[in-house]
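Please open the structure in your viewer and keep the sequence panel beside it. The tour below moves from one selection to the next and says what is to be found at each stop.

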Amino acid sequence: MCGIAGFCLSPDEKVDAKKLSSALLGQIITRGRDATGAAWVQTDPATKKATIAVSKAPVAATAFDTYLKTMPAKTTRAILHTRWATQ
């Protein structure tokens, strides 16, 4: 089993993407504790070019906050994943 969560926010919303990501990961941790990952869209303010940033680690979602430190608080789109390794 695995867990997937995500969000797509309006740029005007006053939501901290890191806190939202942590809360969503906390809700899907029971779907997998062997690895956690996140991908989000970040836009370069100077060029307005959007890129995809990825962070993943072989840790449970409860220990993933340190891997979210590069996510900007104003992120508007992200997908999160927890993995349960199968044999």
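A residue is called buried when its relative accessible area is under 20%, exposed when that area is over 50%, and partly exposed in between. By that rule, buried residues make up 36% of the 87 residues in the protein chain. Please bear in mind throughout that this is a predicted model.

**The whole chain**

Begin with the entire protein chain selected and coloured by confidence: the average pLDDT is 93, and 99% of the residues score at least 70. Confidence is lowest in strand β2, residues 35-43, where the mean is 94, and highest in strand β4, residues 77-83, where the mean reaches 97.

Switch next to a cartoon view, in which you can look for one helix and four strands, running in the order β-α-β-β-β from the N terminus on. If you display only the C-alpha trace, its span along the principal axes is about 45 × 20 × 20 Å. The radius of gyration of the protein chain is 13 Å, which agrees with the value near 12 Å that a compact globule of 87 residues would have. Among the contacts between residues at least 6 apart in sequence, 70% join residues at least 24 apart.

**Strand β1 and its two faces**

Select residues 2-8, which form strand β1, and show their side chains. In a regular strand the side chains alternate between the two faces of the sheet. Which residues of β1 point to the buried face? Gly3, Ala5 and Phe7 do, whereas Cys2, Ile4, Gly6 and Cys8 point to the other face and are not buried.

Add strand β4 to the selection, and you can follow how β1 and β4 pair in the antiparallel sense over seven bridges. A useful place to pause along this pairing is Ile4, which stands opposite His81 in β4.

Now centre the view on Gly6, which lies in β1 and is partly exposed, with a relative accessible area of 44%. Leaving aside residues up to four places away in sequence, Gly6 touches Leu24, Ala78 and Ile79. To try the distance tool, pick the C-alpha atoms of Gly6 and Ala57, which are 51 residues apart along the chain and separated by 18 Å.

**The cysteines of β1**

Select Cys2 and Cys8 together: Cys2 is partly exposed at 35% relative accessible area, while Cys8 is exposed at 65%. A disulfide is a covalent bond between the sulfur atoms of two cysteines. How many disulfides does a search of the whole structure find? The search finds zero.

**A loop residue**

Move on to Lys48, whose place is in the loop between β2 and β3. Its phi is near 65 degrees, a positive value in a residue other than glycine. Lys48 is also exposed, because its relative accessible area is 65%.

**The aromatic pair**

For the last stop, select Phe64 and Tyr67 and show their rings; the structure holds one aromatic pair. The two ring centres are 5.4 Å apart and the planes meet at 20 degrees, so the pair of Phe64 and Tyr67 is stacked. Are these two residues buried or exposed? Phe64 is buried, with a relative accessible area of 0%, whereas Tyr67 counts as partly exposed at 34%.

Technical notes: Residues are numbered from 1 along each chain as its sequence is written. This is a predicted model: local features need pLDDT of at least 70, side-chain atom pairs count only at pLDDT 80 or more; totals for chains, interfaces and linings use all residues. Side-chain values use heavy atoms; hydrogens and water are left out. Rings of Phe, Tyr and Trp (its six-membered ring) pair if their centres lie within 6.5 Å; planes under 30 degrees apart count as stacked, over 60 as edge-to-face and the rest as tilted. Buried means under 20% relative accessible area, exposed over 50%, partly exposed in between (1.4 Å probe, protein chains only). pLDDT is the predictor's confidence in each residue, from 0 to 100. A disulfide is a pair of cysteine sulfur atoms within 2.5 Å. Contact means heavy atoms within 4.5 Å. Two strands pair if DSSP finds at least two bridges between them. The radius of gyration is taken over C-alpha atoms; the globule rule is 2.2 Å times the number of residues to the power 0.38.
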